[in-house]
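Q: Please take a close look at one part of this model, beginning with its strands, and then set that part in its surroundings. A single connected account would be preferred.

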Amino acid sequence: MSATTAHDTHHDDHAAPRGLMRWLTTTNHKDIGTLYLLFSLTMFFVGGSFALVIRAELFQPGLQIVNPHFFNQMTTMHALVMIFGAVMPAFVGLANWLIPMMVGAPDMALPRMNNWSFWIMPFAFTLLLSTLFMDGGGPAGGWTLYPPLSLQTGAAFPFVILSIHMMGVSSVMGAINVIATILNMRAPGMTLMRMPLFVWTWLITAYLLIAVMPVLAGAVTMLLTDKYFGTSFFNAAGGGDPVMFQHIFWFFGHPEVYIMILPAFGIVSQIIPTFARKPLFGYASMVYATASIAFLSFIVWAHHMFTVGMPLAGELFFMYATMLIAVPTGVKVFNWVATMWRGSMTFETPMLFAIAFVVLFTIGGFSGLMLAIAPADFQYQDTYFVVAHFHYVLVPGAIFSIMAAAYYWLPKWTGHRYDEKLGRLHFWCSAIGVNVLFFPQHFLGLAGMPRRIPDYALQFTEFNMISSVGAFMFGFSQLIFLYVVIKCIRGGEPAGDRVWEGAHGLEWTLSSPPPHHSFQTPPEIKEAEAHS
Amino acid sequence: MSTESTEPLATTAAANRRSVRRLLAVVVGMFGFGFLMVPFYDVICDITGLNGKTRNSVADAAPVRVDASRTVTVEFVASVNADAPWEFRPDVVRLDVHPGQFYQTHFYARNLQDRPLVAQAIPSVAPGLAATYFQKIECFCFNRQAFAAGEGREMPVTFRLDPALPADTRTVTLSYTLFRAEGQGG
């Protein structure tokens, strides 16, 4: 043991840089996790303000606030910032903070690479956001970057592509780090099937990331060479085919949507047992369901493009394969409900967000099933119904799970309890706001309102007004969250090590806040303590 | 105790290096796979006609039985790519045809610029799966077409529909998009 200890003390001894240099040079998984989470929170507000521009313009028909070109830049940038800047870094931040503590490791496996993968992000997003001030504006062809429209982007185009490459490199490095940590750094006795579900879902997510981010990199590289180097991957004049871009893009894009939801499944699977005071129901089936969803995500991509003209056999295959995903997802929802069944439940803020996740994510799942029906999809394609669907799985889905995680582990990270009253206020404002915001969009879509337009027909006015009111309510209630987080960082009631009465898992055996190197001595995990 | 603990530390580092090597190989492989999808897609489309591309060469003109009992509507669409000013339209917009019989129709194109241009027409058939049944023995799309400044002319297409065309296909649309040929005609 002495060698390990000596090694660690050595680290603690040398003069740690302070101020800015501490954060620039840090290789500590907790510092990097914090950086990721703060970056994500910043981007959440940036992307959110873009969304409010969209909703303000759509408050009434006609053009009031922005011109259509700027409106299109807002829809595109809102998506890119929220996906790559808010949701993904938030999950990576949680992985950084929690995975070493959950598997009983001192730190991540590759701490220097960890520092890189974070510090690429601010540069990537500075680049992306700077395109808004360039000649011809930022990208305005939608985040899916379909050619030939995306090739009409002005001076911003190469900057957008480079920033996507940088985000990809960052995600891939983060994913490699997560896999190496989970495979090589587990404490003795922490077998794979004893790992907390958050660790499992992240392991699978990390494999998805390294499988599909390079495909996105390839697709955007082809766009770049088509525009500047005379290739014809997607240019019909030179024998290319723009529909091929959609195939390559969605081969990345569909696994990507699971990259944004699997860690959420993991978070909710940690929180519900704590506040139901029962072990997670069906642990093994949760693991297999996650793996099945990940596998299926690779063979359903063309359901995003039912209307491009596919043979009937193709439509049927992608329709049934897509519907098949409802089976493992149903297993998960069943298990969460069964975990709560006859539990001694209490409703602290993390639990409120987790329960809202289960209910509202399921609504998003059902509208997804409707969209999976190929003949019906011809009607729904590119309408607000699609917008309502993916916002239900991403906002009260992914984002709510991140909020739940923040409330659940904030006391562990800071050592202080957050303000429970304000937390609940934040929850109720968010939960009501998000439904007022997105539920009417289902009706708009079914009535035929197309997405990505700055103006609309008069009959859509009422639902759009309701939706915009909900958007501002949801958006501004996030300031409560910001206040709660700052207040909790600055002080509060001491949290205690276990924080929550019903919490189980290695992270709760450490002090709050945890020591610099999480587990200097690997803990021993016994069967009885595993995933309870 | 001390010998035991340095050992796992070294092996963990080695295991991490091994994991990184393997995972990087997957990353490089998947980047390559993205590009591999391009020829793969072309082959699949060539076999199935999935993307509505007709064979851009002279079809086998061997006579086949004409199915006079069946009538299929062929629609003609002409569009111009935004990169050069052209006038471009079909002479007839629709034609009722019997599968197996040859028909000829014309498209009219005129160069609206005061300098010579070279054009390439790119065909596309909808529904995509009908593309493999659309046989052309003469088409202005087989070659680049040079136009003098302000010149306009009729250009012929001679085609037939294969009688094997699936029975549920009653309308076939042939569309041409006129592109300026790269690097020529300035």
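A: **The five-stranded sheet of chain B**

In chain B, five strands make up an open sheet with mixed pairing, in the order S3-S1-S9-S5-S7. Its edges are strand S3 (94–97) and strand S7 (145–147) of chain B, each of which pairs on one side only. On average, neighbouring strands of this sheet are turned by 30° against each other, direction ignored. Axes here are lines fitted to C-alpha atoms, for helices over the stretch in contact, and angles run from 0 to 180 degrees between N-to-C directions. The model is predicted: local features require pLDDT of at least 70 and side-chain atom pairs pLDDT 80 or more, whereas totals for chains, interfaces and linings use all residues. Residues are numbered from 1 along each chain as its sequence is written, while chains are lettered from A and ligands numbered from 1 in the order in which they are written.

Strands (E, at least two residues) and helices (H or I, at least four residues) are DSSP runs numbered from the N terminus, and two strands pair if DSSP finds at least two bridges between them. Within the five-stranded sheet, strand S1 (residues 72–80) of chain B and S3(B) are joined by four bridges in the antiparallel sense. In this pair, Val72(B) stands opposite Val97(B) of S3(B).

Chain B also has an open sheet of four strands, ordered S2-S4-S8-S6, with antiparallel pairing. Its edge strands, each pairing on one side only, are strand S2 (86–90) and strand S6 (134–139) of chain B. The twist from one strand to the next averages 25°. S6(B) runs antiparallel to strand S8 (residues 152–161) of chain B, and five bridges join the two. There, Cys139(B) stands opposite Val157(B) in S8(B). Before S6, in the loop that follows strand S5 (117–126) of chain B, lies Pro127(B). The peptide bond leading from Ala126(B) to Pro127(B) is cis, with omega near -5°. As background, most peptide bonds are trans, and most residues other than glycine have a negative phi.

How do these strands fit into the chain as a whole? Chain B has one helix and nine strands, and the helix comes before the strands in the sequence pattern α-β-β-β-β-β-β-β-β-β. An automatic or database domain assignment supplies the domain bounds; it divides chain B into domain 1 (1–48) and domain 2 (72–180). The C-alpha centres of these two domains lie 48 Å apart. Two residues are in contact if their C-beta atoms, placed from the backbone, lie within 7 Å. Of the contacts in chain B between residues at least 6 apart in sequence, 77% join residues at least 24 apart. A residue is buried with 20 or more other C-beta atoms within 10 Å of its own, exposed with 12 or fewer and partly exposed in between, the C-beta atoms being placed from the backbone; 26% of the 186 residues of chain B are buried.

UniProt, in an unreviewed entry, lists residues 23–41 of chain B as "transmembrane region". Positions from that record follow the numbering used here, with feature names shortened, and its annotations may be inferred rather than shown by experiment. That stretch is 100% helix and 0% strand, with its end C-alpha atoms 26 Å apart.

The contact between the chains takes 30 residues from chain A and 34 residues from chain B. On the side of chain A that touches chain B, helix H1 (2–13), helix H6 (157–184), helix H7 (197–228) and helix H8 (242–259) of chain A each supply at least two residues. H7(A) gives the most, with seven residues.

Ile164(A) is found in helix H6 of chain A and is buried, with 26 other C-beta atoms within 10 Å. In the loop between helix H5 (111–130) and H6 of chain A is Leu145(A). Leu145(A) has a phi near 55°, a positive value in a residue other than glycine, and counts as buried, with 23 C-beta neighbours inside 10 Å.
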